[in-house]
Amino acid sequence: MTEPGASPEDPWVKVEYAYSDNSLDPDDEDSDYHQESYKESYKDRRRRAHTQAEQKRRDAIKRGYDDLQTIVPTCQQQDFSIGSQKLSKAIVLQKTIDYIQFLHKEKKKQEEEVSTLRKDVMALKIMKVNYEQIVKAHQDNPHEGEDQVSDQVKFNVFQGIMDSLFQSFNASISMASFQELSACVFSWIEEHCKPQTLREIVIGVLHQLKNQLY
């Protein structure tokens with residue numbers, strides 16, 4: 001209520017009206033609005049960041065599966081059981097696992113072949129050295145060996161080699177069962193029939209025979 005006689009245009013009346021109990025503080029309204037707006041925008045930012053991170057993760061997984069289908073040959077082959085349908089992630093993973101296992105087997109097979117070839121190379125090198133020694137001995141003594149040896153001497157050489165091999169064979173072989181016999185035979189071959197071992201046996205037999213003849 002205004003005082004009697006007060007004019008509506010009186011500035012004091014305006015001030016009283018502005019700060020009366022029936023009015024709202026505009027500053028308080030702005031404060032509440034900005035605070036609520038800040039809260040909502042923070043939640044939106046967190047939600048948007050989470051969505052973006054999840055999308056990046058899904059894109060990375062998709063690129064990974066696409067790369068697997070490009071790299072693994074079996075994923076590129078047509079599977080008539082599923083027709084022209086796109087390969088599922090489970091199928092891509094299974095084909096990748098199968099291909100990796102295949103590569104491991106191939107690697108092991110190649111390593112075994114390389115090991116066998118190395119042994120063959122070593123045996124050839126030993127044979128090469130032996131032939132070089134024979135050629136050199138013949139060049140140094142061209143008349144040596146012109147006299148032919150008898151069949152008996154040939155047999156004696158063979159017998160000496162076989163006797164030496166049989167001694168190691170008899171000491172290494174077990175007759176408890178056929179399975180054990182087979183295993184022992186292969187072990188004996190690998191241990192006592194190496195080119196270097198046979199070479200030493202032959203040299204020893206020839207040396208003994210030479211002492212007997214001369």
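Which residues line the second largest pocket? This tour of a predicted model reaches them after a view of the whole chain and of two buried side chains.

**The whole chain**

Begin with the protein coloured by secondary structure. Seven helices and zero strands appear, and the order along the sequence reads α-α-α-α-α-α-α. Next, display the accessible surface: about 18900 Å² is exposed, with carbon and sulfur atoms supplying 56% of that area. Of the 214 residues, 11% are buried. If contacts between residues at least 6 apart in sequence are drawn, 47% of them join residues at least 24 apart.

**Helix α4: Thr96**

Select residues 89-140, which form helix α4, and then Thr96 within that helix. Thr96 has a relative accessibility of 12% and therefore counts as buried, the cut-off being under 20%. Add Leu68 and Val72 to the selection; Thr96 is in contact with both, once its neighbours within four places in sequence are left aside.

**Helix α4: the nonpolar patch**

Remain on helix α4 and move to Met127. Its relative accessible area is 39%, so Met127 is classed as partly exposed. Now select Leu124, Tyr131 and Ile134 together with Met127: these residues make a nonpolar surface patch of about 440 Å².

**Helix α5: Ser168**

Select residues 151-172, helix α5, and centre the view on Ser168. Is Ser168 buried or exposed? Ser168 is buried, because its relative accessible area is 15%, below the limit of 20%. Show Trp188 and His192 next, since these are the residues that Ser168 contacts when neighbours within four places in sequence are set aside, contact here meaning heavy atoms within 4.5 Å. A distance label between the C-alpha atoms of Ser168 and His192 should read 7.4 Å, although the two residues lie 24 apart along the chain.

**The second largest pocket**

Finally, select Lys119, Asp120, Met122, Ala123, Ile126, Glu190, Lys194, Pro195 and Gln196. These residues line the second largest pocket, whose volume is about 220 Å³. Colouring the lining by element shows that α4 and α7 (195-213) each give two or more residues. Which element provides the largest share of the lining? That share, five residues, comes from α4. Helix α4 thus closes the tour: the helix that holds Thr96 and Met127 also contributes to the wall of this pocket.

Key. Residues are numbered from 1 along each chain as its sequence is written. This is a predicted model: local features need pLDDT of at least 70, side-chain atom pairs count only at pLDDT 80 or more; totals for chains, interfaces and linings use all residues. Side-chain values use heavy atoms; hydrogens and water are left out. Patches are made of residues with over 30% relative accessible area and no salt bridge: like charges are joined within 9 Å, nonpolar side chains (Val, Leu, Ile, Met, Phe, Trp, Tyr) within 5 Å. Accessible areas come from the Shrake-Rupley method with a 1.4 Å probe; for residues, only the protein chains shown count as cover. A salt bridge is a side-chain nitrogen of Lys or Arg within 4 Å of a carboxyl oxygen of Asp or Glu. Helices (H or I, at least four residues) and strands (E, at least two) are DSSP runs, numbered from the N terminus. Buried means under 20% relative accessible area, exposed over 50%, partly exposed in between (1.4 Å probe, protein chains only). On a 1 Å grid over the protein atoms alone, a cavity is a set of points where a 1.4 Å probe fits but cannot get out, and a pocket is an open set with protein on both sides within 12 Å along at least five of seven lines; lining residues have an atom within 4 Å of a point. Grid points are joined across faces, edges and corners, and a volume is the space filled by probe spheres set on the points.
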